[in-house]
Amino acid sequence: MASNSILTGTLTGTWSISGLDLGSGTVDLSYNMKIVFAAGQANLTMAYTLPSIPGTPQTVSIQLKQQDMIGFLL
């Protein structure tokens with residue numbers, strides 16, 4: 001963290017939703033997450049595979065202000 005409270009770096013992680021019901025019974029859904037912090041911005045990329053489309057990963061990318069991303073994570 002810089003003296004002006006700007007974050008620089010990469011945060012990675014994984015989390016799971018257990019017992020998710022997508023209409024065809026319950027499944028566990030796992031997400032892989034990568035957030036790159038730079039110049040007061042945060043670029044989030046999440047990758048996941050839907051049980052209904054096995055082996056086909058889906059990707060979601062979002063760009064937020066650093067403080068909004070921190071709020072989202074908390």
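1. Strands here are DSSP runs of E, at least two residues long, numbered from the N terminus. On that basis Ile62 lies in strand β4. The model is a predicted one. Everything below should be read with that in mind.

2. The sheet. Four strands make an open sheet, in the order β1-β2-β3-β4. The pairing is antiparallel. Strands of a sheet pair through backbone hydrogen bonds. At the edges sit β1 (9-21) and β4 (57-65), each of which pairs on one side only. From one strand to the next, the twist averages 20°.

3. The β2-β3 hairpin. Strands β2 and β3 run antiparallel and are joined by eight bridges. They form a hairpin, with two residues between them. Look at Ala39 in the turn: its phi is positive, about 55°. Further along this pairing, Ile35 stands opposite Leu44 in β3.

4. The β3-β4 pairing. Strand β3 covers residues 41-49. Nine bridges pair it with β4, in the antiparallel sense. Two positions help you find the register. Asn43 stands opposite Gln63 in β4. Tyr48 has Gln58 as its bridge partner in β4.

5. The two faces of β3. Side chains alternate along this strand. Ala42, Leu44, Met46 and Tyr48 point to one face and are buried. Gln41, Asn43, Thr45, Ala47 and Thr49 point to the other face and are not buried. Color the strand by burial and compare it with this split.

6. The nonpolar core. The largest one has eleven residues. Its members are Leu7, Leu29, Tyr31, Met33, Ile35, Phe37, Ala42, Leu44, Met46, Tyr48 and Met69. Strand β2 gives the largest share, five residues. Both β2 and β3 supply at least two residues each.

7. Ile35, a member of that core. Which residues does Ile35 touch, not counting those up to four places away in sequence? The contacts are Gly9, Thr10, Leu11, Ala42, Asn43, Leu44, Met69 and Leu73. Leu44, on that list, also stands opposite Ile35 in the strand pairing.

8. The aromatic cluster. The structure holds two aromatic pairs. In one, Trp15 and Tyr31 are stacked, at 5.1 Å centre to centre with 20° between the planes. Trp15 lies in strand β1 and Tyr31 in strand β2, so this pair ties together parts 16 residues apart in sequence. Trp15 counts as partly exposed, at 31% relative accessibility. Tyr31 is buried, with a relative accessible area of 14%.

9. The tilted pair. The ring centres of Tyr31 and Tyr48 lie 5.2 Å apart, with the planes at 50°, so this pair is tilted. Tyr31 lies in strand β2 and Tyr48 in strand β3, so the pair ties together parts 17 residues apart in sequence. Tyr31 and Tyr48 are both buried. Through these ring pairs Trp15, Tyr31 and Tyr48 are linked into a cluster.

10. Helix α1. This helix spans residues 66-73 and packs on the sheet. It touches β1, β2 (26-38), β3 and β4. Its direction makes about 125° with that of β4. Met69 of the nonpolar core is in contact with Ile35.

11. Gln66. This residue is found in helix α1. Is Gln66 buried or exposed? Gln66 counts as buried because its relative accessibility is 11%, and the cut-off for buried is under 20%. Its side chain reaches the backbone nitrogen of Leu7 at 2.8 Å. Leaving aside neighbours within four places in sequence, Gln66 is in contact with Ser5, Ile6, Leu7, Phe37, Gly40, Gln41 and Ala42. Among them, Leu7, Phe37 and Ala42 belong to the nonpolar core.

12. Back to Ile62. Its relative accessibility is 34%, so Ile62 counts as partly exposed. Residues up to four places away in sequence aside, Ile62 touches Ala42, Asn43 and Leu44. These contacts take in both faces of β3: Ala42 and Leu44 point to one face, and Asn43 points to the other. Ile62 and Asn4 are 58 residues apart along the chain, and their C-alpha atoms are separated by 24 Å.

Notes: Residues are numbered from 1 along each chain as its sequence is written. This is a predicted model: local features need pLDDT of at least 70, side-chain atom pairs count only at pLDDT 80 or more; totals for chains, interfaces and linings use all residues. Side-chain values use heavy atoms; hydrogens and water are left out. Two strands pair if DSSP finds at least two bridges between them. Axes are lines fitted to C-alpha atoms, for helices over the stretch in contact, and angles run from 0 to 180 degrees between N-to-C directions. Contact means heavy atoms within 4.5 Å. Rings of Phe, Tyr and Trp (its six-membered ring) pair if their centres lie within 6.5 Å; planes under 30 degrees apart count as stacked, over 60 as edge-to-face and the rest as tilted. Buried means under 20% relative accessible area, exposed over 50%, partly exposed in between (1.4 Å probe, protein chains only). A nonpolar core is a set of buried Ala, Val, Leu, Ile, Met, Phe, Trp, Tyr and Cys residues joined through side-chain atoms within 4.5 Å. A polar contact is a pair of N or O atoms within 3.5 Å; within protein, one must be able to donate a hydrogen and the other to accept it, and residues adjacent in sequence count only if both atoms are side-chain atoms.
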